[in-house]
Amino acid sequence: MIETTNPEIDVTELMKRVRAEASKIVDRSRGTAAGPALPAIPALPPAPAIWIPRAGNPKKERLDELLRSAREKIEVSSIIPKFLRGLFRKQGGYNRSVLDSLSVLAKSNFELNKKVQEISTCLEQLNGWLLALAQHREAEANWMTAASSRIAGMAANEVEPAHEVGDKESRRALDSFYLLFENRFRGSFTEIKKRLGFYLPFLTSANAGTPGRPVLDLGCGRGEWLELLKENKLEAHGVDMNSAMIAQCQEHALEVIQADAIEYMRSLPANSHGGVTGFHIIEHLPFETLMELFGETHRILVPGGVAIFESPNCKNLVVGATNFNIDPTHRRPVFPETAELMLQSHGFEGLQIEYLAPDEVPFDDSTRELAILKKKLYGPQDFGIIAYKPKRG
Amino acid sequence: MKLGIVIPWFGRELKGGAEQQAWQVATRLAARGHQVEVLTTCCRSHQDDWETNHLPRGLSTEREGFAVRRFPVAARDRASFDRVCGNLLSLDPATLQPGVPPISAEDSDIFVNELIKAPALLEYLKESKHDYGSFILLPYLYGPILKAVEILGAQAALQPCLHDESYAYLPEVALAFRQASQLFFNSEGELELALRLYGPGIWSKSILVGEGVEFDPAPDVSNGSHFQDKNDRFLLYLGRKDEGKNTPLLLRAFRRFRAVRPNCDLRLVLAGNGTAILNGSEGVKDLGLVSEEKKRELLRGCTALVQPSQKESFSRVMMEAWLHGKPVAAHACCLATAIPVKKARAGWLADSEEEWAKLFVELDRASEKDLRQLGENGRNYAASAADWDLVMQRYETALPSPSTNEPQSQPVDISAAPAINQFLPDLAYGDAISNHAIWIREQLRTFGFRSEIYVRFIDPRVARECHPFTPEAVEASDAAIYHHSIGTDITPCLRAFGGPKCLIYHNITPAEFLEPYRPEFAQILTQGRKDMPLLAPQFPTSRGDSGYNAKELAEAGFLNPGVLPVAVDPARWDAPPDYELMRTLQDGRTNILYVSRFAPNKRQDQLVVAFSHYLQLDPTARLILAGKPEVNDPYVVHVRETVSSLGLEQSVVFTGSITDAQLQAYYRTAHLFWSMSAHEGFGVPLIEAMWFDLPILAFKSSAVPETLGEAALMFDQETKLVEVAALARLLVADRSLRDNMISAQRKRRLEFLPGKVAPLLKNIVRELSATFCLRRA
């Protein structure tokens, strides 16, 4: 309990604010429980004192002079008796060789000294550069320390951006709207459930929905299909982004998950499902996404598993030109044969297109012209495409 | 005795705030019968060349009945000064930090020495200061004033006329504030600023004298003929028009306001020196410099006065507006104007351009009745704050009366006086009980007793303050004061002492706190408590630091134990803080401080855990645990382990053993004092924190509620640590909560001033001396 003797402070009011702040702490510590502190930047050991060798003084002139004067003294003096001259000449030759060697050495010594000089200069420059580098590094380290605390400060002050909050709000509103929309335009729950019964045999023949080979329904919506599978004792679960739909499915005790279909599929192991179904979802997706969806479907299906997708049939002109636009979230119709080719390209086989739900014809189609008109205007409103993952290979 | 007023420039006609103030004070003190002499230079005014002696040197007399003594100015290094001054002016105000020199020591030296130079004035002060009783020196900024304070020391009353500018941060200025024996302030805001810049050490010698405003209550005879028609509504700005006074901000804000309300009839009228760049601003009129009469007329006619300046130590025009019953809009960041506006409830405050623009909208909408009410509030405030008679009375009370100015009489020989000595186990540097004992000794000496401190263990840093304990020292005392916590080997001597004696109890930490860490010490504590009843009959006079301690004494059988709180004197901090620490700690991170030795009952470990929660809300904050940790103490090891297990090495600072200058730096830069201590006999750092205006968050235990008194904000065992951390965050971040806390703490801290505690000590002395007089007889 918090208490104060200060009459200016309203404890009840203060306590309210304390609780609000405390809940922030709890939230943040949940988020950053594992948030490790930034590693410390190791300190740079002080620069060692670098000894730069100084070139010695080669005393070249002095050496040259000594050598020159020595050479002058090599010649055998005329005062030496002749019989000794041979001996002295030999000595002279020896002396000359020594002098020559000395002068070669002197030259090389001079060259070496010059090299030492150059190396010293180079070392000095390098040393200067290293010191500058160390300073630079220290400045960088300081900068990073300052930056990290500022970043941490910003992170702490970060509140949920207003537009994100708005996004969530409007997302929820949209979700509810879509449920309303489905109820109004898609057809009643029972009606749809009845219509979907058409696909049950495909599952049965592929052994989908049996233990170890569950069916995944993408974009499960209100859950008509899932309920139908459940009634038929087939193992199945669904995924949908729409929170309102998910809530409705959960009311019916269906196994569903709120997620993006592709992301969810990515998280599933390969060869894990007997069937993957998707009713009226492919027309909501851009081409690239759809390709990925078919790819993921292929990956998660067991060999011999079945994929079933249903979509509006745009070969029916009324559907393609008019009704398709009822749903504001539709992107573009998927042409049946295109879907077929896409699935084939992912390695599906045994493809089969079924045209469903023809409309009532308001006129007699006895003539050929009327029959064409009937097909174009009152033909099947949907098509289903059934494909299998090859059993081998 | 003569009163000297020292000011660089002086004259009847000078317009500057300090110069006017000096003229008024000299005139009025002379009129009240004081012998006043103004000591100034031969330089004519601030605006003239500072090396030229325009006026004759020597003594002259003004017809108002006071003397003026002028001294020549000398040549100075103008180039260097201009360079340094330029540097100072170009500093970003946001980078100025209290206690941190803004420029190098060499430059600072140039600034102080190469401003106006008056060596002859200083020489005269050195030689003749004793011919004067005391001196008032103003304003703070100039070299001769700073140096004169140093020369005059105990005779110097500095009237700084301070405002928040880079010069105020120079160490030489801080030094002058410490050297002066008194500080006279013109406004509460100015005092507040000084405390912020130089710390609470100057508090005891700070006096709010205020500043008067001459008000001519002549009736309005102008019929508004000089200025537009009577129904015209206008806001008035009076004063110099330049960047320093913030007039460009005012104009920009007014333009914004007009952009929103183009048809509004509320206008802005400027009057004063300088040029305002109006840029064709709609509804703004610049009258230039106006006569006094015209000024009064404008004040009578305006809707409100606007005072956007941030650099005021006292705003005369604000008081004048109030005396005319007009409300004032002032800058929220200028303490000298904002505090009176808030306090008087006589206007509005605004900060940014946007806020000022909003304020104009509010002003435009305000009803006649509201404006009148605000103006009336202002009139009441100004009538007391700016009344010259009241101001002069405050000067007279503050200045030493002539009788005390006589040369000090010969010191009394007290070698024959009775000796009241104090005995305690140890005296340590910076330790609260030790400081308390030293204070008691000084008091006893001023009461006329001989008094020494005898201790068993001496810290070399305070060796000069005490003597080694001997049983003979006890016997040689006429009376003894024994500071008791746990018993030591000096206790038996004190028990055996037959003379009058008083036991002061500083409490014994309950043993259970120590058991997990130092069981052997826990046993000593247990024994200490067991021994208490044995001491009771031996000490007929006894005191606890707090009612809490006194209660324990009573429970142990002591007869009528009283309370002698620890005196906490802010003057202790009248020394420079550690500059380097001041710089390091003002790096934008929040500093949370706890000051105490490390002990399990102080619960530094819990504080660290609670602080780890706090970090979620303020990730760059640091926790400073100021106190000397004993090496290898198992509890200290535990606290350090807690820190590393939470990964808080970068956020928790262990100061180790520190000096007073360092402790001052920690206090001055902290944002919150946070105590989790579960057992306190008194809690001196709580009162110290109050002096540094740190909001205090404390665990409710033992003597803590009593010490915090009416200023307590506490939590108990039931409070979750996250909630405590959340509360800590609010105390750091919420301006109004902080202000509430601090204003209560400012009242509470006064209860422990030496002046409040001294009479209680006198009571003890009375009880003791009654006995030894008997003995002597």
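**Close-up 1. Helix H22 crosses helix H27 in chain B of this predicted model.** The crossing of H22(B) past H27(B) is right-handed. H22(B) covers residues 604-614 and H27(B) covers residues 721-733. Their axes lie 8 Å apart, at an angle of about 65°. From H22(B), the contact draws on B:Val609, B:Ala610, B:His613 and B:Tyr614. Facing them in H27(B) are B:Leu721, B:Val722, B:Val724, B:Ala725, B:Ala728 and B:Arg729. By class, the residues of this contact divide into 8 nonpolar, 1 polar and 1 charged.

**Close-up 2. Seven strands build an open, parallel sheet in chain B.** The strand order is S17-S16-S15-S18-S19-S20-S21. S17(B), residues 467-468, and S21(B), residues 562-563, stand at the edges. Each has a single partner strand, so one side of each lacks a neighbour in the sheet. S17(B) pairs with S16(B), residues 453-458, through 2 bridges in the parallel sense. Here B:Val455 is opposite B:Pro468 of S17(B).

**Close-up 3. Helix H15 lies across three strands of the chain B sheet.** H15(B) spans residues 432-446. The strands it lies across are S15 (420-427), S16 and S18 (479-484) of chain B. Relative to S15(B), H15(B) runs at about 165°.

**Close-up 4. Helix H20 of chain B lies across S19, S20 and S21.** H20(B) comprises residues 547-555. S19(B) is residues 501-505 and S20(B) is residues 541-544. The angle between H20(B) and S20(B) is about 140°. Which residues of H20(B) are buried? They are B:Tyr548, B:Asn549, B:Ala550, B:Glu552 and B:Leu553. These buried residues pack against S19, S20 and S21, and also against helix H26 (704-708) of chain B. After H20(B) comes B:Gly557, with a positive phi near 105°.

**Close-up 5. Helix H3 of chain B packs against three other helices through its buried residues.** H3(B) runs over residues 105-113. Buried in H3(B) are B:Ser108, B:Ile110, B:Phe111 and B:Val112. The buried residues of H3(B) pack against H2 (78-90), H5 (143-152) and H6 (171-179) of chain B. For context, chain B holds 29 helices and 27 strands. Of its 777 residues, 47% are buried. Among contacts in chain B between residues at least 6 apart in sequence, 68% link residues at least 24 apart.

**Close-up 6. Chains A and B meet through 23 residues of chain A and 29 residues of chain B.** On the chain A side, strand S1 (2-4), helix H1 (11-32) and helix H3 (82-157) each supply at least two residues. H1(A) contributes the most, with 9 residues. The chain A side divides into 11 nonpolar, 6 polar and 6 charged residues.

**Close-up 7. A strand of chain A pairs with a strand of chain B.** S1(A) and S27(B) are joined by 3 bridges. The two strands run antiparallel. S27(B) is residues 713-715. Within this pair, A:Thr4 has B:Leu713 as its bridge partner.

**Close-up 8. Chain A carries an open sheet of 7 strands with mixed pairing.** The order reads S4-S3-S2-S5-S6-S8-S7. S4(A), residues 256-258, and S7(A), residues 349-358, are the edge strands, and each pairs on one side only. From one strand to the next, the twist averages 15°. S2(A) pairs with S5(A), residues 273-279, over 4 bridges in the parallel sense. One bridge matches A:Leu216 with A:Val276 in S5(A).

**Close-up 9. Helix H12 lies across S6, S7 and S8 of chain A.** H12(A) extends over residues 336-345. S6(A) is residues 301-312 and S8(A) is residues 380-388. H12(A) runs at about 15° to S8(A).

**Close-up 10. Confidence varies among the elements of chain A.** The mean pLDDT of chain A is 84, with 92% of its residues at 70 or more. Strand S2(A), residues 215-218, has the highest mean pLDDT among the chain's elements, at 96. Helix H4(A), residues 162-186, has the lowest, at 69. Over residues 159-165 of chain A the pLDDT is below 50. Beyond near neighbours in sequence, that stretch has 1 contact in the model. Predicted coordinates should not be read in detail where pLDDT is low.

How values were computed. Residues numbered from 1 in each chain as written. Chains lettered and ligands numbered in written order. Predicted model: local features only at pLDDT ≥ 70, side-chain atom pairs only at ≥ 80, totals over all residues. Contact = placed C-beta atoms within 7 Å. Nonpolar A, V, L, I, M, F, W, Y, C, P; charged D, E, K, R; others polar. Pairing = 2+ DSSP bridges. Axes fitted to C-alpha atoms, helices over the stretch in contact; angles between N-to-C directions. Left-handed = near helix turned anticlockwise from the far one by under 90°. Buried ≥ 20, exposed ≤ 12 C-beta atoms within 10 Å, placed from the backbone. pLDDT = per-residue confidence, 0-100.
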